[in-house]
Amino acid sequence: MSSDSNIYVTQPNLPKLEDFVDLLKVIWDRKILTNGGPFHQQLEQALAEHLGVRHLALLTNGTIALVTALQALRIQGEVITTPYSFVATAHSLLWNGLEPVFADIDPHTCNLDPERIEAAITPRTTAIMPVHCYGNPCDVQAIQRIADTYGLKVIYDAAHAFGVQHRGTSLLNFGDLSVLSFHATKVYNTIEGGAIVCPDAKTKQRIDFLKNFGFADEVTVMAPGINGKLNEVQAAFGLLQLREVDAAIARRSEIAARYREALADIEGLALLPLPSDTTPNHSYMPLRVQAGFPLGRDALYQRLREQQVFSRRYFYPLISDMPMYRGLASAQPANLPVARQVAAEILCLPIYPALTDAQQQRVIDAIRSCCR
Ligand SMILES: *Cc1c(COP(=O)(O)O)cnc(C)c1O
């Protein structure tokens, strides 16, 4: 088969090239390339409106946004987080000289288990950094209750949660801050990019200073900030993407429904339950390969590869197993049995708007052929 027949786990959305060229001409005329230019301001407004959040600061990527969010709230000491995520979640803590404390996850949501968060609190704990894994909401109420009881900040890594509605509002409105990634692989992308969602203008201003080296004005530097600015070309790209994102999520929803129907009756395969009181974004299609299926997870992963279907083991290995984390007391396997089990079972299937029905059928057939 040709490389055209390769089916990857995701494929980025692109705006129409002519539309992008039109906006590039505007940039060329204006000669404003970055530093909070007109498209940057326009995109911040448009995203806040689209997502239904009060304030939003654009950043150059999701990782710098996580690092900056921790600085914005002056987080110190220990931060409780999940081992079951992309490595950038924990890295953002190390970049701030903070100590990650890993707590175990709930097997149904793959998100931090509130009881395990509470059990991990010490006098040095100042914050919780949960992840809305696959865009499925954390138990936001229980986490807020713990934060209020112990006086902790909550910074959500919401990299997967673009556009998710929960309990009648944007999922991004929970916690003190929420951080988005607009990387090319995500539901909504600016090629590279990210954002911090915050509830008040004062925090947004602090983030805006921090992402511009800490400059509060021409002669005042308020903190050792970073260069975290999104440029005008990417902001223009993002404005065009925003027009398409609802349709993209609707198409993802169709694909997800078809997978659910086609894989429901296979022994040993389990899809994550749909979260209640939530409008999901179908950013990922996680499948758990369990006892009862003829192949183990890794064997299925290989078998799919042989048929040019490139699924991904998100998230394996656990962050807590990586060399820079595995020495921590909280990283020890006995502390994280559920995360370990899920990481050994999970496979994320191809899901993206351009995936054709025929391609999806190939993925389904490839999985079903293992049952015979
Ligand atoms: C993608 C991702 C990030 C990092 O975002 P970048 O924009 O790639 O820096 C952080 N956390 C999670 C959970 C992610 O999936």
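Where is Arg167 found? Arg167 is in the loop between β7 (165-166) and β8 (169-170). The legends below start there. They all describe a predicted model.

**View 1. Two residues other than glycine, Arg167 and Lys31, have a positive phi.**
Most residues other than glycine have a negative phi. Arg167 departs from that habit, with a phi near 50 degrees. Its relative accessibility is 42%, so Arg167 counts as partly exposed. Lys31 is not a glycine either, and its phi is about 60 degrees. Look for Lys31 in the loop between α1 (17-30) and α2 (38-51). Lys31 counts as exposed, because its relative accessibility is 66% and exposed means over 50%.

**View 2. The loop between β16 (309-310) and α10 (337-345) holds Phe315 and Pro317.**
Most peptide bonds are trans. The bond from Tyr314 to Phe315 is cis, with omega near 10 degrees. The bond from Tyr316 to Pro317 is cis too, with omega near -5 degrees.

**View 3. Asp321 reaches Arg340 through a side-chain contact.**
Asp321 also lies in the loop between β16 and α10. Is Asp321 buried or partly exposed? Asp321 is partly exposed, because its relative accessibility is 29%. Setting aside residues up to four places away in sequence, Asp321 touches Arg326 and Arg340. The side chains of Asp321 and Arg340 are joined by a polar contact of 3.0 Å. Now find Glu345, 24 residues from Asp321 along the chain. The C-alpha atoms of Asp321 and Glu345 are 16 Å apart.

**View 4. Helix α10 has buried residues along one face.**
Ala339, Val342, Ala343 and Glu345 are the buried residues to find in α10. Seen down the helix axis, the buried residues of α10 fall within an arc of 165 degrees, so they line one face. An α-helix has 3.6 residues a turn, so residues three or four places apart point the same way. What covers the buried residues of α10? Among the covering elements are β15 (286-289), α9 (297-306) and β17 (346-348).

**View 5. The largest nonpolar core has 50 residues.**
Start with Leu43, Leu47, Leu56, Phe162 and Leu180, which have the most contacts inside this core. Seven names are worth tracing next: α1, α2, β2 (55-59), α6 (140-150), β6 (153-157), β10 (194-198) and α8 (232-263) each give two or more residues to the core. Which element gives the most to this core? The answer is α8, with eight residues. A second, separate core has 28 residues, including Ile7, Val289, Leu300 and Tyr352.

**View 6. Leu56 touches residues from other parts of the chain.**
Residues up to four places away in sequence are left out here. Leu56 touches Glu44, Leu47, Ala48 and Leu51, among others. Its partners also include Ala195, Ile196, Val197 and Lys204.

**View 7. Helix α7 (201-210) has buried residues that several elements cover.**
Which residues of α7 are buried? They are Thr203, Lys204, Arg206, Ile207, Phe209 and Leu210. The cover over these buried residues includes the helices α2 and α3 (62-72). The strands β2, β9 (177-181), β10 and β11 are also among the covering elements.

**View 8. Lys211 is a buried lysine in a loop.**
Lys211 sits in the loop between α7 and β11 (215-217). Its relative accessible area is 5%, and buried means under 20%, so Lys211 counts as buried. Which residues is Lys211 in contact with, leaving aside neighbours within four places in sequence? They are His40, Glu44, Ala57, Leu58, Leu59, Ile226, Asn227, Gly228 and Lys229.

**View 9. The ligand has 14 residues around it.**
Gly62, Thr63, Asp157, Ser181 and Lys186 come nearest to the ligand. A backbone N or O atom of Gly62 lies 2.8 Å from a ligand oxygen atom. Thr63 uses its side chain: a polar atom there lies 2.6 Å from an oxygen atom of the ligand. His160 has a polar side-chain atom 2.8 Å from an oxygen atom of the ligand. How much of the ligand does the protein bury? Taken alone, the ligand exposes 380 Å², and the protein buries 92% of that.

Technical notes:
Residues are numbered from 1 along each chain as its sequence is written. This is a predicted model: local features need pLDDT of at least 70, side-chain atom pairs count only at pLDDT 80 or more; totals for chains, interfaces and linings use all residues. Side-chain values use heavy atoms; hydrogens and water are left out. Helices (H or I, at least four residues) and strands (E, at least two) are DSSP runs, numbered from the N terminus. Buried means under 20% relative accessible area, exposed over 50%, partly exposed in between (1.4 Å probe, protein chains only). The arc is that of the directions from the helix axis to the C-beta atoms. Contact means heavy atoms within 4.5 Å. A nonpolar core is a set of buried Ala, Val, Leu, Ile, Met, Phe, Trp, Tyr and Cys residues joined through side-chain atoms within 4.5 Å. A residue is near a molecule or strand if one of its heavy atoms lies within 4 Å of it. A polar contact is a pair of N or O atoms within 3.5 Å; within protein, one must be able to donate a hydrogen and the other to accept it, and residues adjacent in sequence count only if both atoms are side-chain atoms. Accessible areas come from the Shrake-Rupley method with a 1.4 Å probe; for residues, only the protein chains shown count as cover.
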